[in-house]
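Me: I am new to this structure, and I would like to understand the reasons behind the labels given to its residues. Could you take me through them one at a time?

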Amino acid sequence: MSASNENIKDMIGQQYKDGFVTDVESDSFAAGLNEDVIRALSAIKKEPEFLLEWRLEAYRHWLTMEHPEWAFVEFPKIDFQEISYYSAPKSMADGPQSLDEVDPKLIDTYNKLGIPLEEQMRLAGVAVDAVFDSVSVATTFKEKLYEAGVIFCSFSEAVKEHPELIKQYLGTVVSQYDNFYAALNAAVFSDGSFVYIPKGVRCPMELSTYFRINAANTGQFERTLIVAEEGSHVSYLEGCTAPMRDENQLHAAVVELVILKDAEIKYSTVQNWYPGDENGLGGIYNFVTKRAECRGDNAKVSWTQVETGSAITWKYPSVILRGDHSVGEFYSVALTNNYQQADTGTKMIHLGKNTSSTIISKGISAGHGQNTYRGLVKIGRKAENARNFTQCDSLLMGDQCGAHTFPYIETKQPSATIEHEASTSKISEDQLFYCMQRGISAEDAVSMIVNGFCKEVFKELPMEFAVEAQALLGISLEGSVG
Amino acid sequence: MLKIENLHVRVEGKDILKGINLEINAGEVHAIMGPNGSGKSTLSYILAGREGYEITQGSISFHGKDLLEMSVEERAWAGVFLAFQYPVEVPGVSNIYMLKAALNGIRKHKGEPELDAMDFIASVKSKMKDLDMDEKFLYRAVNEGFSGGEKKRNEILQMSVLEPTLCVLDETDSGLDIDALKIVSDGINRLRDPARAFVLVTHYQRLLDYIKPDFVHVLANGKIVKSGGAELALELEDQGYSWLEDKKAS
Ligand SMILES: Nc1ncnc2c1ncn2[C@@H]1O[C@H](COP(=O)(O)OP(=O)(O)O)[C@@H](O)[C@H]1O
Ligand SMILES: [Mg+2]
């Protein structure tokens, strides 16, 4: 292998920085899954009857479902009876009322991750919901947001405080029967975030949820629901990390977005779950269902994701474009290194007239990484003048990795315009040599080139996240001048 | 400044350079001419440190140091600049970003602080003006979609921003129309300095109408077969390369 390939390897193969374990006493369920586990979970959360019923329906349906095998990923069969479905720090049992009552070890965990929970420490523009294993530890700026009419709290709290909203919207975008992992999530989800933006409100700050898996042998099953009422606007960010462990851990989340007339949601993810070691040992299985529905005319949603972590990523943030003139966007960077596998993409389902969607996918494969783009563009009978533009670019580093593209198109409307562009490239020795001849070090040159490759996606991220994403790829910010 | 002694280079089992000797002092301009395939680009790449060449004999010293021991970046930091015959495209990376990364890389290794962003942009813009380049090129991806002439001008822009001491220009004149050739030559002439040396690699003599060399060397079949003053270029213009090659062969 040539020197520059070594450089690429070193660059991409940086140490996982967030792999520490927080030493807290936890209340965890014994491993195993049955109706009693679900009843116990629901009881801890003091949930209303309707929600328990909904979970049980999901569970009973899940029992009849087969594990899906169509993704381009390989892993040993998961034994769902070996997973613990609930784990929460003991100190959270009495439900601390304010941050002062939260175990300092938990606050410290987030400090280490660069997410201080004290409001005065936070960058003023971002509110955070911090989820630790199965519970939300704290949500910042709740009061300030409430003044603007915005509800931002943990899912458990929303179930208690706003059951009518939960009842109205839960499962309306991703039903409790939707797919194998979505049904499992519906049965056992433990916490997550809830956001409600009332009519005409532009959320005064960025909202974010930070997911942390800490306990061993547990699964994290969170559920996020965001409702943007008519004419409202919100930008939401999501980050995730986990300790380094030799065992694989399951993370099966569901995210539902409801966007009404003239409303807009920007949803950004920087996913950095532990990816496993260089031999493919350990790491998170990240099997996620994310879907948005543009219910009203002119509704707009964009999914932006930077997926660098997880042993396996399997997710397709999708948009149902029901309202006329509604707009769906998907911007994705997925990096797989060592033995990581990613099968990710999107579904754009055009139902309304003049709906449009944009898909920009950038896959980077290094080491033995396997990177698959899988996307569906579906144009319904009534979706006159629907438009889609898809661009899938793959960047390969080395010759052991793979990039695969599966674009599916189904159209029942002759007036639709669908464009698809795809490319596969390697970081060329010529590019590296050229940059290095100009005095740019090998690592900086690689990160500059990778950064350039991802630019169209990074520019969609909120500034703060763009910085984090670039740092994650070992990339110094392509500055404000660029 | 630069001393090449008995340099032999092999590429993929084939001997390309077969004993080059060349000494270049600060302030001098050397033209290296020769037919296609004679090894001009190979020599340029060797100076810049490109991989894939086997140096079977000889040595190169630069400011008294062993150039062949230095990595590509180290050579750049030490003041070696290669204007590429075929400048490389770097999609998604803006020209200004790359210039800044390059200059700061070099400054860092000289122990100098990073340049103030405003001063930097102002100085780049004034250099672009000299090269008759539109400011919009600053924000375009490096060389992507540039015409041949625009790419060559961009090389000279980089050279004038980075202020190297040894400028190797590989066929910078090819692909330029007469107006562009004049602009580029003026750009190069502006950089002439008692502390700086130039190696102009060219197939044609016309560049030398604009940039008067102190020495002209003719490279054929991997060797310098003739050296002389500026007048040698004119002789070549009249007679072509074949008389030299024939002489060598006989
Ligand atoms: N990477 C390479 N692999 C094989 N042959 C090469 C390579 N690079 C250069 N050559 C050969 O070396 C000779 C000199 O090439 P080059 O230095 O590009 O000449 P010039 O620039 O004078 O036209 C040519 O015969 C060319 O085919
Ligand atoms: Mg050449």
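Reply: What follows is a set of questions and answers about a predicted model, each setting a value against the cut-off behind a label.

Me: What makes the contact of Arg374(A) with Asp343(A) a salt bridge?

Reply: The closest N and O atoms of Arg374(A) and Asp343(A) are 2.7 Å apart, and a salt bridge asks for a side-chain nitrogen of Lys or Arg within 4 Å of a carboxyl oxygen of Asp or Glu, so the pair is given that name. The two residues link distant parts of the chain, since Arg374(A) belongs to strand E20 (residues 370–379) and Asp343(A) to strand E18 (residues 341–350) of chain A, 31 residues apart. Both Arg374(A) and Asp343(A) are buried.

Me: How do you know whether Asp393(A) and Lys362(A), which meet in a salt bridge, are buried or exposed?

Reply: Their side chains meet at 2.8 Å, N to O, with Asp393(A) in strand E21 (residues 387–396) and Lys362(A) in strand E19 (residues 356–365) of chain A. Asp393(A) has a relative accessible area of 8% and Lys362(A) one of 3%; buried means under 20%, so both residues count as buried.

Me: Why is the pair of Arg107(B) and Glu112(B) called a salt bridge, and what are the labels of Arg107(B) and Glu112(B)?

Reply: The closest N and O atoms of Arg107(B) and Glu112(B) are 3.5 Å apart, and the limit is within 4 Å, so the contact qualifies. Arg107(B), at 18% relative accessibility, counts as buried, because buried means under 20%. Glu112(B) has a relative accessible area of 33%, and partly exposed covers the range between 20% and 50%, so Glu112(B) is partly exposed.

Me: How many salt bridges are found over all chains, and which residues are linked with Arg39(A) in a network?

Reply: A search of the whole structure finds 29 salt bridges over all chains. Glu35(A), Arg39(A) and Arg60(A) are linked in a network of such bridges.

Me: What makes Ser41(B) and Gln85(B) donors to the magnesium ion (ligand 2)?

Reply: The OG atom of Ser41(B) and the OE1 atom of Gln85(B) coordinate the magnesium ion at 2.0 to 2.4 Å, and donors are N, O and S atoms within 2.8 Å of such a metal, so both atoms are counted. Ser41(B) lies in helix H1 (residues 40–48) and Gln85(B) in the loop between strand E6 (80–83) and strand E7 (90–94) of chain B, so the pair ties together parts that are 44 residues apart in sequence. Gln85(B) is buried, because its relative accessible area is 14%.

Me: Which residues gather in the patch of negative charge, and why can Glu231(B) be part of a patch?

Reply: The patch on the surface gathers Asp209(B), Glu231(B), Glu235(B), Glu237(B) and Asp238(B), and its largest share, four residues, comes from helix H8 (residues 230–239) of chain B. Glu231(B), which lies in helix H8, has 48% relative accessibility and counts as partly exposed, so Glu231(B) passes the patch cut-off of over 30%.

Me: Why is Asn298(A) called partly exposed, and what is said of its phi?

Reply: Asn298(A) has a relative accessible area of 39%, between the limits of 20% and 50%, so Asn298(A) is partly exposed. Its phi is positive, about 60°, although Asn298(A) is not a glycine, and the residue lies in the loop between strand E13 (283–294) and strand E14 (300–307) of chain A.

Definitions and conventions
Residues are numbered from 1 along each chain as its sequence is written. Chains are lettered from A and ligands numbered from 1 in the order in which they are written. This is a predicted model: local features need pLDDT of at least 70, side-chain atom pairs count only at pLDDT 80 or more; totals for chains, interfaces and linings use all residues. Side-chain values use heavy atoms; hydrogens and water are left out. Patches are made of residues with over 30% relative accessible area and no salt bridge: like charges are joined within 9 Å, nonpolar side chains (Val, Leu, Ile, Met, Phe, Trp, Tyr) within 5 Å. Accessible areas come from the Shrake-Rupley method with a 1.4 Å probe; for residues, only the protein chains shown count as cover. Lys and Arg count as positive and Asp and Glu as negative; His and the chain ends are not counted. The place of a charge is taken as NZ of Lys, CZ of Arg, CG of Asp or CD of Glu. Buried means under 20% relative accessible area, exposed over 50%, partly exposed in between (1.4 Å probe, protein chains only). Donors are N, O and S atoms within 2.8 Å of the metal (3.2 Å for Na, K and Ca); water is not among the atoms, so sites may look incomplete.
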